[in-house]
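This briefing is intended for a reader who is meeting the structure below for the first time. The overall make-up is treated before the interior.

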Amino acid sequence: RAYGNALGGILGSHSGGAENEFDIFVDAVTQNSAEALAALTPIERSYADILDDVRALATPSDFAQQHVDLLNALSLIQTDIVAMQQTFSDPLGALMRAKRYHRDALGLFHALDHTRSAFEKSGIAYVSDEPGIFLFSLRP
């Protein structure tokens with residue numbers, strides 16, 4: 001229960017902005033504007049902070065696989081965003097990661113859903129004033 005509240009608190013407390021990172025990337029490429037990519041910086045920083053916090057989180061053994069899957073998925077998205085930021089200095093690397101982005105975003109969704117499912121299977125539920133409810137708000 002404490003792990004879910006801590007994880008939900010981490011995920012719910014970091015906000016990189018309202019605009020989707022891939023939309024920012026597409027707009028920057030469409031406008032041929034390296035400056036527009038600056039909007040990715042707070043989003044990338046948010047993912048980096050989430051990764052740092054999730055890595056530091058003590059994880060119960062029952063949730064170890066979900067924790068690793070979540071870390072991997074978050075890391076892939078962050079890597080995609082870093083590459084997108086380098087679109088005009090490393091276009092091939094940016095294109096390669098941009099092509100992966102939707103698959104990586106789906107992987108993050110699945111990692112979060114599997115984590116939520118593991119809580120349910122363990123009989124753990126959260127009420128609306130607990131941070132762990134964040135994981136249940138992402139239900140498909």
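The secondary structure of this predicted model consists of six helices and zero strands. Read from the N terminus, the order of elements is therefore α-α-α-α-α-α. The protein has 140 residues, of which 43% count as buried.

**Dimensions and surface**
- The C-alpha trace spans about 50 × 25 × 25 Å along its principal axes.
- About 7500 Å² of the protein is exposed, and carbon and sulfur atoms supply 56% of that area.

**Charges**
- The protein carries 10 positive and 18 negative charges.
- The mean positions of these two sets of charges lie 8 Å apart.

**Contacts along the chain**
- Among the contacts with a separation of 6 or more, 72% join residues 24 or more positions apart.

**The largest nonpolar core**
- This core comprises 35 residues.
- The members that touch the most other members are L7, L74, L108 and F119.
- At least two residues of the core come from each of α1 (2–13), α2 (21–31), α3 (41–56), α4 (64–85), α5 (91–121) and α6 (133–136).

**The surroundings of F119**
- Leaving aside residues up to four places away in sequence, F119 touches Y3, G4, F63, I124, Y126, L135 and F136.
- Y3 and G4 fall within the range of α1 (2–13), while L135 and F136 fall within that of α6 (133–136).

Notes: Residues are numbered from 1 along each chain as its sequence is written. This is a predicted model: local features need pLDDT of at least 70, side-chain atom pairs count only at pLDDT 80 or more; totals for chains, interfaces and linings use all residues. Side-chain values use heavy atoms; hydrogens and water are left out. Helices (H or I, at least four residues) and strands (E, at least two) are DSSP runs, numbered from the N terminus. Buried means under 20% relative accessible area, exposed over 50%, partly exposed in between (1.4 Å probe, protein chains only). Contact means heavy atoms within 4.5 Å. Accessible areas come from the Shrake-Rupley method with a 1.4 Å probe; for residues, only the protein chains shown count as cover. Lys and Arg count as positive and Asp and Glu as negative; His and the chain ends are not counted. The place of a charge is taken as NZ of Lys, CZ of Arg, CG of Asp or CD of Glu. A nonpolar core is a set of buried Ala, Val, Leu, Ile, Met, Phe, Trp, Tyr and Cys residues joined through side-chain atoms within 4.5 Å.
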